[in-house]
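Hello,

Here is the structure you asked to look at. Please open it first, then read the notes below beside it.

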Amino acid sequence: MNEMSSRLAVLGSELINDPLNLVREPNRVFATLLSAATLAASTVLGVTAGEGGAGYFGGSSGDYGDFADFEDPALQEQQRLTAIEQDLQRGLLELRAREAVDYLSGSGPLLPDPALQLQAQDAARDNAANGREQAFLDSNVSMIQASLPAESASGEAFLDLWLRSAPHTEIILDPAYAFYGVSTAQGHGKVWAVILFSR
């Protein structure tokens, strides 16, 4: 969040000193403001995500079927997972801005969705409890998922892994997607990351 704060401060200073910058570089200004707004919304969603809603298994969030023995990690590990999620969100939005995803031809800018967030959380926890990636069957939602050894997992490492795959890259950069949900969980010595996208 500190990097985003400093980027906003630089942008604000540039706009005050040179208001025409808004006209000359509207995409950069828009991308920075959109990233800041989305990160703020994601932070709020991350705090309230545990309040219930439709879950991955069709029940309420936290209904893990046969995986009811899943336990949330200790506070320090949860903070690390939250940092990975925030890095994934920031990286996802910055990548789409850098690649100049044409929002006008699609559904608009990518925004966080509370229902997708809860579904991603359930999917990541299911993967962590099982020790393997699970199938996700919803024709209106696309999912990318991966796992990395816990000691080397980071938001950047997950994005690098997905960007080496053409099908994953296509999903990440598809301008038709308007909403997303991101979550991570830890289990079986790995961090499991899930991003869901919908129109």
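The loop between strand 3 (179-187) and strand 4 (190-198) holds His188, and that residue is a reasonable place to start. Keep in mind throughout that this is a predicted model. The phi angle of His188 is near 55°, a positive value in a residue other than glycine. Is His188 buried or exposed? Its relative accessible area is 55%, and the cut-off for exposed is over 50%, so His188 is exposed.

Now the overall layout. The protein chain has seven helices and four strands. Read from the N terminus, their order is α-α-α-α-β-α-β-α-α-β-β. The chain has 199 residues, and 45% of them count as buried. Take the contacts between residues at least 6 apart in sequence: 74% of these join residues at least 24 apart.

Next, the helix packing. Two packed helices are described by the angle between their axes and the distance between the axes. Helix 4 (residues 75-98) packs against helix 6 (residues 155-163) at an angle of about 45°, and the axes are 8 Å apart. That angle makes helix 4 oblique to helix 6. Their crossing is right-handed. On the helix 4 side the contact is made by Ile84, Asp87, Leu88, Gly91, Leu92 and Leu95, and on the helix 6 side by Gly155, Phe158, Leu159, Trp162 and Leu163.

Helix 6 also packs against helix 7. The axes of these two come within 7 Å and cross at roughly 115°, so helix 6 and helix 7 are roughly perpendicular to each other. Here Leu159, Trp162 and Leu163 of helix 6 meet His168, Thr169 and Ile172 of helix 7.

Two strand residues are worth following in the viewer.

- Gln145 is in strand 2 (residues 141-149). Its relative accessibility is 13%, so Gln145 counts as buried. What does the side chain of Gln145 reach at 2.9 Å? The partner is the backbone oxygen of Gln134. A polar contact of 2.8 Å also joins the side chains of Gln145 and Asn127. Leaving out residues up to four places away in sequence, Gln145 touches Asn127, Glu133, Gln134, Trp162, His168, Ala193 and Val194.

- Ile195 is in strand 4. With a relative accessible area of 0%, Ile195 is buried. Ile195 and Ala124 are 71 residues apart along the chain, while their C-alpha atoms are separated by 9.1 Å. With residues up to four places away again left out, Ile195 touches Leu92, Ser142, Met143, Ile144, Trp162, Gly181 and Val182.

Trp162 therefore appears in both lists: it touches Gln145 and Ile195, as well as taking part in the contact with helix 4.

Last, the aromatic rings. A pair of aromatic rings is described by the distance of the centres and the angle of the planes. The count comes to two aromatic pairs. One of them is Tyr177 with Phe197: the ring centres are 5.5 Å apart and the planes are at 40°, so the pair is tilted. Tyr177 lies in the loop between helix 7 (166-173) and strand 3, and Phe197 lies in strand 4, so the pair ties together parts that are 20 residues apart in sequence. Both Tyr177 and Phe197 are buried.

Regards

Definitions and conventions: Residues are numbered from 1 along each chain as its sequence is written. This is a predicted model: local features need pLDDT of at least 70, side-chain atom pairs count only at pLDDT 80 or more; totals for chains, interfaces and linings use all residues. Side-chain values use heavy atoms; hydrogens and water are left out. Buried means under 20% relative accessible area, exposed over 50%, partly exposed in between (1.4 Å probe, protein chains only). A polar contact is a pair of N or O atoms within 3.5 Å; within protein, one must be able to donate a hydrogen and the other to accept it, and residues adjacent in sequence count only if both atoms are side-chain atoms. Contact means heavy atoms within 4.5 Å. Rings of Phe, Tyr and Trp (its six-membered ring) pair if their centres lie within 6.5 Å; planes under 30 degrees apart count as stacked, over 60 as edge-to-face and the rest as tilted. Axes are lines fitted to C-alpha atoms, for helices over the stretch in contact, and angles run from 0 to 180 degrees between N-to-C directions. Angles under 35 degrees count as roughly parallel, over 145 as roughly antiparallel, 65 to 115 as roughly perpendicular and the rest as oblique. A crossing is left-handed if the near helix is turned anticlockwise from the far one by less than a right angle, and right-handed if clockwise.
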